[in-house]
Amino acid sequence: MILKYDVIVIGGGHAGCEAAAAAARMGAKTCLVTMDMNKLAQMSCNPAVGGIAKGQIVREIDALGGRMGLVTDATSIQFRMLNRGKGPAVWSPRAQCDREKFIWEWRAQLDRTDNLDIWQDEACELLVENGEAVGVETVWGVTLRAKAVVITAGTFLNGLMHVGKRKVPGGRCAEPAVLHFTESITRHGITAARMKTGTPVRIDRRSVHFEDMEEQPGETDYHGFSYMTAPRHLKQLPCWTTYTNKEVHDTLRAAIADSPLYNGQIQSTGPRYCPSIETKLMTFPDKDQHPLFLEPEGEDTNEMYLNGFSSSMPMEVQIEALKKIPAFRDIHVYRPGYAIEYDYFDPTQLKPSLESKLVGGLFFAGQVNGTTGYEEAGGQGLMAGVNAALYCGGSAPFVLKRDEAYIGVLIDDLTTKGVDEPYRMFTSRAEYRILLRQDNADARLTEKAYSLGIATRERYNHWLKKKTEIERIVRYCDQTNVKPRDINDALERFGTTPMQFGTTIAGLVARPQLSIEQIASALPTLQAALQTDDARQAEIVEAAEILIKYKGYIERERLVADKMHRLEDIHIKGHFNYAELHEISTEGRQKLTRINPETLGQAARIPGVSPSDINVLLVLMKR
C-alpha cells in the first residue's frame, strides 16, 4: 500500500507532535507516524513543563501558534514562576502536569487539526531518491511518500535500557526500541553517535511519610504558559522536598562497581545538568546531602516522581538507599530508575532550518539532535514542521535569530557548535536575555507566526489588543507628572526616599523598591489608567511595568544586538574554499570546512574560529 503526503513526521513525542501540527496548519498534507497513538507526547521522565529558560521556550512555542503551552495550562496540577527574586529577564514559568491528561489533551489537539493524519506504525527504512528524502517504508509494509520527512524519534533509535547489570532493548520502559532505522539514515553519509539519559524511581504516595518532608505549594496567580488560555482549572497539588544523607551515600558508594555508569557497561555521554545520583556522589564527594523533590504525576494516581534521584544502579540498591531517608523508610516503588542509551545525529550536519545538508527535504528535531528536554524538543519540532511545509512549497526557510528567541539560540548552538553531551537550555546561553523574556514572547513572535499562517487571526487580534493596552499604559506613565505632595506620604510608607521635585509616573516606576501597583494604590488616576477590559489585565500591567522599569537596559541590549546583525547579514556560504585560505588558522580552516556556516555571524560563534580569522574573512568579503 502506498500513501502520499506533503510532509511525514516520524515519532509522536513532543517534537513530532509540534512538527506535525505546525506543518498541517501551514497547509501541508501531513502524516504523523507513531508506534502508539495512546502515548502521544508521553512525558517519559518528569511530568513537568518549563523551568529555567525552558519556560521561555514554551511561551515562544505558544506565541508561534504551537500547542505545548495550551496543553500544559489545561493539564497543570502545580504552577510556579521561578527566579522571582531576580530580574524579569530570568523569570521562568514551570508547571507540574497530570501525565495521562497531558497525553489525551495533545491527542485532542491533533484530532482537531485539519490536514493531519495519524498512522500507527514503525518506520524501518528512509527512502531517498536523487539526494532527496521522498518517504519511508514501515514494518507493516506500507510505503509513505512525501516531499519532506521530519525525523523526531527521541530515544527509540537502537535504545538500550540499563538497571544494574541488566540490559533491555527499549525506547523507554515497557516500549520496544527501533532497531534498524538509524542504519537507513547513516548510509546516506549522515553520521550518528550515542548518548545516554536516565529517569528516577517512581514511588507509591501511600508509602511516604509526608510528615518528615517539607511541603512546597504552587502559585495561584494569573501566570501561565499560553497567551490565550484561561487560568488553570485542575486541582492544584503540592510538591515535597527532602534530602539524601550519609547513610544513603554509603549504601550507593558500596555498590558503585555495579553501576553501569562506572563499570564500563555504558560508554555514551550523559547529561551534565541532570546527573544521576551516583554521578553526584562521585563529582561532589564532600557533600553530605543532596536535595530531592517528590512530585505528583496526576490528580487521580498514587504514582509520584522523585526528582533528583535519577539512577541506573541495581534496583535493590536503589530501594535500600531510599529506605535510609526517614520519609521513605516504608517505601513501595512502582519501578526503579533506569538509564537509556540511544542514537543521535550530529546537528552540525543541519542547516539553520533543521534540514539536512546532505539529504534534501530531510529534517531532524528533538533528542535525535543531541538535546534533552520536552521544551527543547517542542521548539525544534515546531521549526522543523514549519520549514518542512515551506520546503514543500518552494519557499525560503523560517529561521529565528539569537536576539529573537531562545529557540533561535538553541538551533544556532546546535547547528554551529554541535554537542558532546545532551544539550539543555539555560538563560546563560542567551547573550540577549533581557530581550528574550517570558513576558514578551508574543511581542517578539506572534506577528511572524501570523504572516506564516501558523498563528490564527484570533491569536493575532488578541496580541494587537494587548499591544495597544501596553502602549497606552506606558505612554500614560511617561506623560503624567506627579508632585511631591501627592506621593511622598506613600513613598515613606513604602520605605523609599520621598521626592524633592516633581517627576513622571515612569520615573517612580523605575525605582527598584516600588511596583506599579503600589504607586497606583496612592494615585487614583493611575489606578484608573491601569484598568482594561481584557481578562488578563494583570499580565498587561506587568508587561508595561517591565518596559518602564528596565527601559535603559532593554535599549542598550537592543543596540548591541543590532550591531551583531551586521555580521549576520554578511552571507559567506559558497564564497570560500576554506582549505585554501592559509591566512586563517589551521583549526579555523578545519572548523569552517566542517560547519560551512551560512553567515559571518555564525562563523564567529564556531568554537576554534578566532576573531582574527573573522577579520580575515571580512577583509576578503570586502574584496
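**Helices, loops and a few odd residues**

User: Let's start with helix H4. Which of its residues are buried?
Analyst: In H4 the buried ones are Arg99, Phe102, Ile103, Trp106, Arg107, Gln109 and Leu110. They sit on the same side of H4, because they cover an arc of only 160° around the axis. Keep in mind that this is a predicted model.

User: And what should the 13 residues of H4 span?
Analyst: H4 covers residues 99-111, and at 1.5 Å a residue it should span 18 Å. The C-alpha atoms at its ends are 19 Å apart, which agrees.

User: What goes on at the start of H4?
Analyst: A side-chain oxygen of aspartate 98 comes to within 3.3 Å of the backbone nitrogen of glutamate 100 there. Aspartate 98 itself belongs to the loop between E6 and H4.

User: Is aspartate 98 buried or exposed?
Analyst: Buried: aspartate 98 has a relative accessible area of 5%.

User: Which residues is it in contact with, leaving aside neighbours within four places in sequence?
Analyst: For aspartate 98 those are Thr75, Ile77, Leu234, Glu297, Gly298, Glu299 and Asp300. With glutamate 299 there's also a polar pairing, as the backbone nitrogen of that residue lies 2.8 Å from a polar atom of the aspartate 98 side chain.

User: Switching to backbone angles. What is the phi of asparagine 83?
Analyst: About 65°, so a positive phi, although asparagine 83 is not a glycine. Most residues other than glycine have a negative phi.

User: Where is asparagine 83?
Analyst: In the loop between strand E5 (76-82) and strand E6 (92-97). Asparagine 83 is partly exposed, with a relative accessible area of 22%.

User: What about the phi of asparagine 158?
Analyst: Asparagine 158 has a positive value too, near 50°. This residue is in the loop between strand E11 (148-151) and strand E12 (160-163).

User: Does asparagine 158 count as buried or exposed?
Analyst: Asparagine 158 counts as buried, because its relative accessibility is 19% and the cut-off for buried is under 20%.

User: Now helix packing. At what angle do H9 and H10 pack?
Analyst: About 85°, with the axes of helix H9 (residues 374-392) and helix H10 (residues 406-417) 10 Å apart. That angle makes H9 roughly perpendicular to H10.

User: Which residues meet there?
Analyst: From H9 you have Glu376, Gly379, Gln380 and Met383, and they meet Ile407, Leu410, Ile411 and Leu414 in H10.

User: Tell me about methionine 383. Is it buried or exposed?
Analyst: Methionine 383 is buried, at a relative accessible area of 3%. Apart from neighbours within four places in sequence, methionine 383 is in contact with Ser353, Leu354, Phe398, Val399, Leu400, Ile407 and Ile411. Its C-alpha and that of isoleucine 411 are separated by 9.3 Å, and the two residues are 28 apart along the chain.

User: There's another methionine I'm curious about. Where is methionine 213?
Analyst: Methionine 213 is in the loop between strand E14 (192-204) and strand E15 (214-216). It counts as buried at 10% relative accessibility.

User: What is methionine 213 in contact with?
Analyst: Beyond its neighbours within four places in sequence, methionine 213 is in contact with Val208, Trp240, Thr241, Thr242, Leu294, Ala327 and Phe328. Alanine 327 is 114 residues away from methionine 213 along the chain, yet their C-alpha atoms are separated by 6.5 Å.

User: OK, on to H17. How many of its 13 residues are buried?
Analyst: Ten of the 13, so H17 is mostly covered, going by the under-20% cut-off for buried. Among them are Ile540, Val541, Ala543, Ala544, Ile546 and Ile548, and the charged-type names include Glu539, Glu542, Glu545 and Lys549.

User: What covers them?
Analyst: The cover over the buried residues of H17 includes helix H2 (54-63), H12, helix H14 (505-509), helix H15 (516-522) and helix H18 (551-568).

User: You mentioned H12. How many residues does it have?
Analyst: H12 has 23 residues (457-479) and reaches 33 Å from its first C-alpha to its last, close to the 33 Å expected at 1.5 Å a residue. Its buried residues include Tyr460, Trp463, Ile470, Ile473 and Cys477.

User: Last one: is proline 512 buried or exposed?
Analyst: Exposed, at 73% relative accessibility. Proline 512 lies in the loop between H14 and H15, and its C-alpha is separated by 9.7 Å from that of tyrosine 550, 38 residues apart along the chain.

Key. Residues numbered from 1 in each chain as written. Predicted model: local features only at pLDDT ≥ 70, side-chain atom pairs only at ≥ 80, totals over all residues. Heavy atoms only, no water. Helix = DSSP H or I, 4+ residues; strand = E, 2+ residues; numbered from the N terminus. Expected span 1.5 Å × (residues − 1). Buried < 20%, exposed > 50% of the residue type's maximum accessible area, 1.4 Å probe, protein only. Arc of directions from axis to C-beta. Polar contact = N/O pair within 3.5 Å; in protein donor to acceptor, adjacent residues only side chain to side chain. Axes fitted to C-alpha atoms, helices over the stretch in contact; angles between N-to-C directions. Parallel < 35°, antiparallel > 145°, perpendicular 65-115°, else oblique. Contact = heavy atoms within 4.5 Å.
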